[in-house]
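Me: Could you take a close look at one part of this model, the open sheet, and walk me through how its strands are ordered, paired and covered? I would like one connected account rather than a list.

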Amino acid sequence: MTGEGKGKTVTLGDESSVPSIDQPMNGSTDAVAYGRVLLGSILCDKFGLAPATLADALAVQREKGGRLGDLLLKLRVIREEEFLEALAYQLDLPWVPQLESRMVEPALIRKVPISFARRYRLLPIRQEDDRILVAMTDPLDLCPLDDLRLLLGSDVKAALTSTKALLSCLNQVYDQAATAEQAIEDLSTDDNLDRLADEVDEPQDLLDATDEAPIIRLVNSVLFQAVKQRASDIHFESFERGLVIRYRIDGVLYPILSPPKRLQANIIARLKIIAGLNIAEKRLPQDGRFSIRTSGKDVDFRVSVLPTSHGERVVLRLLEKENRLLNLPEIGLSDERLAVMMQLIHLSHGIILVTGPTGSGKTTTLYAALSQINAPDKNIITVEDPVEYQLQGISQMQVNPKINLTFASGLRSILRQDPDVIMIGEIRDLETAEIAIHASLTGHLVFSTLHTNDAAGSTTRLIDMGIEPFLVASSVVAIVAQRLVRNICTACRQPYQPSDEELAKLGMSAIGVRPLLYRGTGCPACAQTGYKGRSGIYELLLVDDDIRRLISAKADSSQIKQQATAKGMATLRDEGAAKVLQGLTTTEEVLRITQQAVAP
């Protein structure tokens, strides 16, 4: 690392030319004696660097140049934290291994733009005597320290921390500083709200946005907070007297803001602009999408605009690109059903259907299954609407009705690509269903989804589409119905004794030892809801010979379900009750999600 101060160039880490000087840091009056202890010696003495490794690195440095620290990091013989701690020791600077947001004074953050802090990897922490302590990763890069002194109006003192610790804390403190409520306050005092720009470039990071237009700052804040609060959807709903903004978190909608009615048109227009939609068209529905980066996360937004009697309403679906896809053991299946699913997904042919309402996690289950069987010796192709996440090693096609690329036409093309496994986003019509069944009967394993209430209803749904019952019976091998239940917040979970009535609703008897159940009391970690995160409950119907006979005889779904439960199939309610007994969710949540209201 190099830095220039008072006409002198200081080279750190070059063992062949380490100056022995007393150089004031950042122009302060405190002299810091550095360079007198060799960096290599510190690394050997304090961090166990082998002298032979140091000698090799010095030889490379003499031959090719460069910084000793960079060479050692590139060779992976030391960690960045070790190098920076040794550097702090050599420069006689404070070393801060853990940097937390509570250590940072908010007043200092408001004076420093996040783009400046992130670019130069520095963060003002607190006032100490007549100087401000600044965490950084390169203490000899003196130019940004001079700029920071002007921004803060005070002298500064450097402290060293790791890049990971600094960026994590930096995101947190600037997250806390940006709120939609503050943007609303700014809007209420702004006298010229009609100055909304026609079209602005998308900011690299929402927190880096420098455009001061109040509407833009409000929309950016709403999007940012939605990502921060783990929302899956944002609703901008137009009513007679105003606009209501709601987040869907863990499957439940929560009101967030109610901006004045006079701001409604500008907010909707801003959303249309960043989604690339026609802001002049207010009579027809529109669909679009855009991407943002906030707090180090890349997030895709799917946008749907719908005209209503009181103005347009907009719904945004959030898809985080960095979200790690779950594998099959992580989606919430019980051990018994997981073992069965592992056998099913390795079949050579047949149809496996996943059913449930919108937002019940069907796509996640399908992706988990595909990821489990993904291998170089398998040709896996999907046709989806839209492609939500990219799967490495799997060919994914997105339907486009505008050019007549539908599920059916895409599926026909896929069959000419010699696939082993096919995933169809949804069977919506007779044509798609017929091609899927034909594919399964000709040696392909097919995964797809249907919108039905339970597993047994899927067979009757296919027959209602016009598929012959014997084709359904011979092609479908298993049906999975699923729902997502909210998990009890572990930070505020409390035990309680259930009543006989509550146990009866779960299908359990109070005879014997009464089980201990749990509920969340509400805390800041779960936004006072008592729930945080969701997990799946599953109903797995295996199509055996008895079920096939019922399907071929056009039996209704209740008869098929009765036969399946007689053979040991656990219903959604049974699976939910099991999770209640495990302390993972509540009785109210299971009854809500399986569509049976709790008696008051």
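**The open sheet and what packs on it**

Reply: In β17, the bridge partner of T382 is M423, and that pairing is a convenient place to enter the sheet of this predicted model. T382 belongs to β15, and 4 bridges join β15 to strand β17 (residues 421-424), the two running parallel. Toward β16 the arrangement is again parallel, with 4 bridges between β15 and β16, and here V383 has M397 as its bridge partner.

Strand β15 itself, residues 380-384, is mostly covered, with 5 of its 5 residues buried. I380, T382 and E384 point one way from the strand, while I381 and V383 point the other way, and all of them are buried. This fits the general pattern that in a regular strand the side chains alternate between the two faces of the sheet.

Stepping back to the whole sheet, 7 strands form it in the order β16-β15-β17-β18-β14-β19-β22, and the pairing is mixed. The edges are held by β16 (395-398) and β22 (531-542), each of which has a single partner strand, so one side of each is left without a neighbour in the sheet. From one strand to the next the twist averages 20°.

Further along that order comes β14, which can be described in the same way as β15, by its partners and its cover. With β18 it shares 6 bridges, and the two strands run parallel; within this pairing, I352 has F447 of β18 as its bridge partner. With β19 (residues 476-488), strand β14 (residues 350-355) shares 5 bridges, again in a parallel arrangement. On that side I352 stands opposite A478 in β19, and L353 stands opposite I479 in β19.

As for its cover, β14 has 6 of its 6 residues buried and is mostly covered. Both of its faces are accounted for, since G350, I352 and V354 on one side and I351, L353 and T355 on the other are all buried.

Two helices that touch β14 also reach other strands of the sheet. Helix α12 (residues 335-344) lies across β14, β18 (445-450), β19 and β22, and it runs at about 60° to β22. Helix α16 (residues 456-465) likewise packs on the sheet, touching β14, β18, β19 and β22, while its direction makes about 90° with that of β18.

One further contact concerns side chains rather than backbone pairing, and it involves residues that lie within the ranges given above for β19 and β22. The charged end of R486 sits over the ring of Y531, 4.0 Å from the centre of that ring.

Taken together, the picture is of a mixed sheet of 7 strands in which β15 pairs in parallel with β17 and with β16, while β14 pairs in parallel with β18 and with β19. Both β15 and β14 are mostly covered, and helices α12 and α16 each touch β14, β18, β19 and β22.

Terms used
Residues are numbered from 1 along each chain as its sequence is written. This is a predicted model: local features need pLDDT of at least 70, side-chain atom pairs count only at pLDDT 80 or more; totals for chains, interfaces and linings use all residues. Side-chain values use heavy atoms; hydrogens and water are left out. Two strands pair if DSSP finds at least two bridges between them. Axes are lines fitted to C-alpha atoms, for helices over the stretch in contact, and angles run from 0 to 180 degrees between N-to-C directions. Contact means heavy atoms within 4.5 Å. Buried means under 20% relative accessible area, exposed over 50%, partly exposed in between (1.4 Å probe, protein chains only). A charge sits over a ring if NZ of Lys or CZ of Arg is within 6 Å of the ring centre and within 35 degrees of the ring normal.
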